[in-house]
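Biologist: I'm new to reading structures like this one. Could we go through it together, with you explaining how you know each thing?

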Amino acid sequence: MAEKVLMKGNEALAESALRAGCRFFFGYPITPQTELAAYMSKRMPKICGTYLQAESEIAAINMVYGAASAGARAMTSSSSPGISLKGEGISYMAGSDLPGVIINVQRGGPGLGGIQPSQSDYWQATRATGHGDFFMPVLAPSTVQEMADCVYRAFDLADEYRTPVMVLADGMLGQMMEPVVLPEPKESLPEKPWATTGHKGKRTHNIVNSLYLTADALEKLNIERFKRYEVIRENEQRSEAFMLDDAEIVVVAFGASSRVARSAVVAAREEGIKAGLLRPITLWPFPTKAIEDALSHAKAFLSVEMNMGQMVDDVRLAVNGRAAVDFYGRTGGVIPTPEEVLSAIKDSAKRGGVL
């Protein structure tokens with residue numbers, strides 16, 4: 001059996017990335033993700049990898065762009081304000097069809113905000129990470145084990161679909177310690193015949209570029225890219241169901257808030273309320289199929305988030321008026337309590353006709 005080790009979430013992200021074949025890390029320190037970069041600075045030299053603390057977040061994402069262009073598995077990490085600075089580079093990567101992994105260990109905002117955990121970057125991650133027409137897969141772990149699992153999977157997704165992939169965690173998950181079984185190191189990585197690795201006169205030049213001066217050419221490429229996004233929507237939706245089979249009120253929560261919501265659902269069941277938890281693991285593509293399945297028995301939905309209401313928009317779009325959708329959230333780095341969520345479940349159940 002694989003050995004369990006006790007690790008902090010940020011460190012589990014880093015070690016799992018190394019085992020996934022990441023050999024280039026470019027970052028810049030910012031709380032609450034700095035331990036990830038610190039871990040990389042120690043481990044990379046021991047495995048012939050490259051760790052570089054860039055002069056800025058903007059420089060770091062463009063270094064990922066360069067390494068990814070050459071076919072390497074590369075990663076950067078930051079926390080909320082730093083991800084905003086990386087937005088242009090992420091868009092360039094999407095526009096050049098480059099794989100790469102971006103970690104966001106969220107903190108409260110807007111502005112400098114605070115260093116406490118938050119989920120207020122949901123819109124940014126799923127809607128507007130950077131300019132232009134593009135999406136990218138976004139994975140949301142809820143445990144330290146999933147921190148390791150999600151980043152390991154993220155590199156494969158990035159290579160399979162030639163797209164940047166984000167792991168959206170938060171300060172609570174980054175700082176907490178839990179037992180984790182680390183994945184086995186990858187023995188081989190996929191070939192990348194498109195990479196700019198030099199050709200020695202044996203093939204035509206590979207060009208990595210996101211600039212298209214002809215409108216028709218750019219439109220054609222964007223249409224082709226969105227066909228790929230539809231494949232991702234169809235094949236890569238992931239979620240977890242908890243007590244959902246007969247749930248009349250469905251709590252939808254991701255990441256750290258889902259841990260609180262799970263306790264509240266158990267408490268609601270003990271009081272005779274048929275509550276269940278639907279936990280999105282992919283925030284993009286959003287698990288609309290799971291929502292559709294839940295609608296066969298659900299009378300109400302409650303989105304629980306550590307923000308002022310962001311994922312609830314996707315819940316409403318998926319429900320499409322067929323059931324009541326409510327929201328409960330705390331913001332600024334405040335973590336909701338199970339008692340608060342239980343109270344919100346009861347209120348939502350009354351409005352939805354469950355009670």
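Biologist: Which elements do the buried residues of α4 pack against?

Modeller: Happy to help, and remember that this is a predicted model. The buried residues of α4 pack against α3, β4, β5, α5, β7 and α8.

Biologist: What makes a residue of α4 count as buried?

Modeller: The cut-off is under 20% relative accessible area. Residues including Ile83, Lys86, Ile90 and Met93 of α4 are buried, so each of these falls under that 20%.

Biologist: How do you know what span to expect for α4?

Modeller: We multiply 1.5 Å by one less than the number of residues. Helix α4 has 16 residues, and the expected 22 Å is close to the 22 Å from its first C-alpha to its last. Still, α4 bends by about 50° at Lys86. After the helix comes Asp97, with a positive phi near 55°.

Biologist: Why are β1 and β8 called paired strands?

Modeller: Pairing needs at least two bridges. Five bridges join β1 to β8, so the two strands pair. They run antiparallel, and Lys4 has Val181 of β8 as its bridge partner.

Biologist: Which side chains of β8 point to the buried face?

Modeller: Those of Glu178 and Val180 are buried on one face, while Met177, Pro179 and Val181 point to the other and are not buried. In a regular strand, side chains alternate between the two faces of the sheet.

Biologist: What does Ile103 touch?

Modeller: Leaving out residues up to four places away in sequence, its contacts include Leu13, Met75, Ile83 and Val151. Ile103 is also among the residues that touch the most other members of the largest nonpolar core, which has 92 residues.

Technical notes
Residues numbered from 1 in each chain as written. Predicted model: local features only at pLDDT ≥ 70, side-chain atom pairs only at ≥ 80, totals over all residues. Heavy atoms only, no water. Core = buried A, V, L, I, M, F, W, Y, C linked by side-chain atoms within 4.5 Å. Buried < 20%, exposed > 50% of the residue type's maximum accessible area, 1.4 Å probe, protein only. Contact = heavy atoms within 4.5 Å. Helix = DSSP H or I, 4+ residues; strand = E, 2+ residues; numbered from the N terminus. Bend = angle between axes of the 7 residues up to and from the residue.
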